[in-house]
Amino acid sequence: QVQLVESGGGVVQAGGSLRLSCAASGSIISIIHMGWYRQAPGKQRELVARITSGGYTNYADSVKGRFTISRDNARNTGYLQMNSLKPEDTAVYYCNAATRTWALETVNSWGQGTQVTVSS
């Protein structure tokens with residue numbers, strides 16, 4: 001079993017910053033890739049940013065230059081630094097990770113989500 005726990009959401013004014021964390025635990029050998037998704041009310045869940053085991057990153061066009069995804073392999077933790085936040089960034093943010101387990105399985109897991117609210 002693999003668990004992902006997000007933290008760091010909250011309420012911030014437009015132009016402010018937040019840092020989300022995603023801690024993975026369980027029978028993990030390694031995290032293959034990790035991503036952040038978000039879902040606003042009435043909208044579909046969308047990819048925000050993703051990072052591979054080799055450190056390759058990709059971002060949604062709407063967050064390029066403002067958000068930075070990173071990971072700490074030793075801690076099995078990923079981060080999303082969000083700067084210059086806009087009201088349209090308001091959503092529930094979900095962590096997603098593909099992990100290699102000690103059972104030699106690849107497990108895809110989701111966190112419970114953390115609310116980010118940006119006020120204008």
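Which residue in β8 does serine 21 stand opposite? Tyrosine 79 is the one facing serine 21. Keep in mind through these views that the model is predicted.

**View 1. Serine 21 and tyrosine 79 mark the pairing of β3 with β8.** Serine 21 has tyrosine 79 of β8 across from it. The two strands, β3 and β8, run antiparallel and are joined by 6 bridges.

**View 2. Four strands line up as an open sheet.** Read across, the order goes β1-β3-β8-β7, with antiparallel pairing. β1 and β7 are the edge strands, and each has a single partner, so one side of each has no neighbour in the sheet. On average, neighbouring strands here are turned by 15° against each other, direction ignored.

**View 3. Cysteine 22 and cysteine 95 make a disulfide.** Searching the whole structure turns up 1 disulfide. Its sulfur atoms, from cysteine 22 and cysteine 95, sit 2.0 Å apart. Cysteine 22 belongs to strand β3 (residues 18-26) and cysteine 95 to strand β9 (residues 91-101), so the bond ties together parts 73 residues apart in sequence. The S-S torsion comes out at about -80°, so this disulfide is left-handed. As for the surroundings, cysteine 22 and cysteine 95 are both buried.

**View 4. Asparagine 76 is tucked into a loop and buried.** Look for asparagine 76 in the loop between β7 and β8. Its relative accessible area is 19%, so asparagine 76 counts as buried, the cut-off being under 20%. Setting aside residues up to four places away in sequence, asparagine 76 touches Cys22, Ala23, Ala24, Ile28 and Ile31. Cys22, one of those contacts, is also a partner in the disulfide of View 3.

**View 5. The largest nonpolar core brings together 28 residues.** Trp36, Val48, Phe67, Leu80, Met82 and Tyr93 are the members that touch the most others. Plenty of strands chip in: β1 (2-7), β3, β4 (28-39), β5 (46-52), β7 (67-72), β8 (77-82), β9 and β11 (114-119) each supply at least two core residues.

**View 6. Here is valine 48 with its contacts.** Which residues does valine 48 meet, leaving aside neighbours within four places in sequence? The list runs Trp36, Tyr37, Arg38, Asn58, Tyr59, Ala60, Val63, Phe67, Leu80 and Tyr93. Among them, Trp36, Phe67, Leu80 and Tyr93 also appear, like Val48, with the core members that touch the most others.

Conventions. Residues are numbered from 1 along each chain as its sequence is written. This is a predicted model: local features need pLDDT of at least 70, side-chain atom pairs count only at pLDDT 80 or more; totals for chains, interfaces and linings use all residues. Side-chain values use heavy atoms; hydrogens and water are left out. A disulfide is a pair of cysteine sulfur atoms within 2.5 Å. Buried means under 20% relative accessible area, exposed over 50%, partly exposed in between (1.4 Å probe, protein chains only). A nonpolar core is a set of buried Ala, Val, Leu, Ile, Met, Phe, Trp, Tyr and Cys residues joined through side-chain atoms within 4.5 Å. Contact means heavy atoms within 4.5 Å. Two strands pair if DSSP finds at least two bridges between them. Axes are lines fitted to C-alpha atoms, for helices over the stretch in contact, and angles run from 0 to 180 degrees between N-to-C directions.
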